[in-house]
Amino acid sequence: MDYETLISENTRKMRPSGIRKFFDLAAEMPECISLGVGEPDFPTPWDIRDAAIHSLEIGHTKYTANSGLKELRTGIGEYVGRKYGLSYNEEEIIVTVGGSEAIDLAIRALIEPGDEVIIPEPCYVSYDPITTLTGGVPVPVPCLEENEFRITAEQIRAALTPRTKILVLGFPNNPTGAALRHEDLEAIAEVLRGTNVTVLSDEIYAELVYGIKHESIAAFEGMRERTVLVGGFSKTFSMTGWRLGYACGPLVLIKAMLKIHQSCIMAAPTTSQYAAITALRDCDDDVEEMRKQYDLRRKYCVRKLNEMGLKTFEPKGAFYVFPNITSSGMSSEEFCEKLLQEKHVAIVPGTAFGAAGEGFARISYAYSLDHLREAFKRIREFLEEHKGE
Amino acid sequence: MDTMQLLNLLADDPRATVRDLADILGESEENVEKGMNELEQKKILCGYHTVINWDKTNIEHVDAFIGVSAKPERDTGYDRIAERIAKFPEVASLYLLSGTSEFMVSLNAKTMREVADFVGSKLAPIEGVTSTVTMFVLRKYKVNGVTMDMKEELKDDRMIVSA
């Protein structure tokens, strides 16, 4: 059997993960200090874990409805209502296996071969390969440092073609930490109103913002009918391992996504769903406590990196900083590989998040201050040793 | 300087040096020192304490909680009685409570005999104290937010690099 030729063409064409390579390199270095993770360091708040344990004790061990527990979907509707002024009933909400599945479902439900998906880069790694898998065409648009890594309405307008089906908006952004402002969203909404383009708004980091208030594009006039809002529990409630996310959107689209979900997933994990009900209802204070800790680290990282000569934009959300490493004279990959080999510090090259990430690296601050301080000491040494090269 | 931030950092780690704190807060060491001095003077920063599990040492010790019923006095209420109780060095903490007894004393002593002597000859004779209930600590599970001798949570089992 020659699987090299048997594997479907679309699967072969999927962009390989740029993170995989670094994972393999770093995995061989048990003593390496990592700033490379895309998940919170805090344990899941105890109330949430307690709710999961209780659900198991009383025997909630069966499938739930395909779209998720009704109580959870109602809770999600209330949550996005109280946080972002949105209004979705439980029929317009689907509970998924992480935000990633919601992204997959939305793209697969909408894209036919040849359809274009506008993807502002750098961005989360799954939009591009999933688009390719469906036979769609990823259209990357660069978010620029001079514009604080925000996508502009003009860039989107210029990228629109009659084949454009989806605009992905992943803000607050992984890996840059950029967030869109009210006026950015309004301008983008203005470009899209009256088109047949659906916004895939990945707002998984919505609750981790600093000094600003998150707004969803779905709340803008005329946008609810053309937006799929993707949210999740992983980042907000530090629940990555629970694999739970959701999508809210227009009824017909959510029904189509549910059709795919029924066939490939059946239903999201039951225990996680019971835990999530408690998360949405009782854990605002826990989230706020974590957010404050991230904020302290964020400020620390920005200051330290700028001090050592790596120009670093002050991120507004998520838990990453995205320093400009061009002053080192190295490419992103080279910088990260050498830093790993020489100083045993693992960070991720910006190019892992799209070509627009060249010249940058992603540093996660989902680590204790002690950990960050040791890592930055090593990065400083690394820069000094390579000065003037 | 962000005073709340400074307090939070010290609450997490009272051993943090002025240099560490200055580095984390982005302040000069002088400013941090000045800030801490002010907080100490205002009695907002009241001490830098250590949580020790004495059960793991071979030092003899006994801890007890003593509920103390007392009658308030005209003019001073419970304050004068509280001051008298607090003066004894073996009293680790003292609270005025709602409920069945007025005060709760936590006591660090060496032996049960010492606790009994303290109650009998020092605490009960205080004017205004009407009765006491002594409860000996059998085992400590959590002290000042720190769990003791319980199953530790995993420190960090995340993958080294992830999206």
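A:V348 of strand β11(A) stands opposite A:R362 in β12(A). The two strands run antiparallel and are joined by two bridges. This is a predicted model. Chain A holds an open sheet of three strands and another open sheet of seven strands. Chain A also touches chain B, through 22 of its own residues.

**The three-stranded sheet**

- The strand order is β9-β12-β11 in chain A, and the pairing is antiparallel.
- The edges are β9 (320–321) and β11 (348–349) of chain A, each pairing on one side only.
- Strand β12 of chain A covers residues 361–364.

**The seven-stranded sheet**

- The order in chain A is β2-β8-β7-β6-β5-β3-β4, with mixed pairing.
- The edge strands are β2 (93–96) and β4 of chain A. Each of these pairs on one side only.
- Neighbouring strands are turned by 20° against each other on average, direction ignored.
- At the β2 edge, β2(A) pairs with β8 (residues 245–248) of chain A in the antiparallel sense. Four bridges hold this pairing.
- A:V95 has A:Y246 in β8(A) as its bridge partner.
- At the β4 edge, β3 (residues 116–121) and β4 (residues 137–142) of chain A run parallel, joined by six bridges.
- In this pair, A:E121 is opposite A:P142 of β4(A).
- From β3(A), the chain passes through helix α7 (residues 127–133) of chain A to reach β4(A). This β-α-β crossover is right-handed.

Strands of a sheet pair through backbone hydrogen bonds, in either a parallel or an antiparallel sense.

**Helices on the seven-stranded sheet**

- Helix α6(A) lies across β2, β3, β5 (164–169), β6 (198–202), β7 (227–232) and β8 of chain A. The helix runs at about 35° to β8(A).
- Helix α10(A) packs on the sheet too, touching β2, β7 and β8 of chain A. Its direction makes about 30° with that of β2(A).

**Helix α6 against helix α10**

- Helices α6 (residues 98–110) and α10 (residues 251–264) of chain A pack at about 105°, with axes 9 Å apart.
- Because of that angle, α6(A) counts as roughly perpendicular to α10(A).
- From α6(A), the contact residues are A:L105, A:A106, A:R108 and A:A109.
- They meet A:L253, A:A256, A:M257, A:I260 and A:H261 in α10(A).
- The contact is made of seven nonpolar residues, one polar and one charged.

**Helix α4 against helix α11**

- Helices α4 (residues 46–57) and α11 (residues 270–282) of chain A have axes 8 Å apart and pack at about 140°.
- That angle is why α4(A) is oblique to α11(A).
- The crossing of α4(A) past α11(A) is right-handed.
- On the α4(A) side, the contact uses A:D47, A:I48, A:A51, A:A52, A:S55 and A:L56.
- Facing them in α11(A) are A:T271, A:Y274, A:A275, A:I277, A:T278, A:A279 and A:D282.
- Eight of the contact residues are nonpolar, three are polar and two are charged.

**The contact between chains A and B**

- On the chain A side, 22 residues are in contact with 11 residues of chain B.
- Two elements of chain A give two or more residues to this side: α3 (18–27) and α12 (284–307).
- The most comes from α3(A), with five residues.
- By type, the chain A side has 15 nonpolar, three polar and four charged residues.

**Backbone details to check**

- Most residues other than glycine have a negative phi, and most peptide bonds are trans.
- The bond joining A:F171 and A:P172 is cis, with omega about -5°.
- A:P172 sits in the loop between β5 and α9 (182–192) of chain A.
- A cis peptide bond also runs from A:N174 to A:P175, with omega near 20°.
- The loop between β5 and α9 of chain A holds A:P175 as well.
- A:M266 has a positive phi, near 80°, and is not a glycine.
- This methionine, A:M266, is in the loop between α10 and α11 of chain A.

Methods: Residues numbered from 1 in each chain as written. Chains lettered and ligands numbered in written order. Predicted model: local features only at pLDDT ≥ 70, side-chain atom pairs only at ≥ 80, totals over all residues. Pairing = 2+ DSSP bridges. Right-handed = clockwise from strand over helix to strand, strands pointing away. Axes fitted to C-alpha atoms, helices over the stretch in contact; angles between N-to-C directions. Parallel < 35°, antiparallel > 145°, perpendicular 65-115°, else oblique. Left-handed = near helix turned anticlockwise from the far one by under 90°. Contact = placed C-beta atoms within 7 Å. Nonpolar A, V, L, I, M, F, W, Y, C, P; charged D, E, K, R; others polar.
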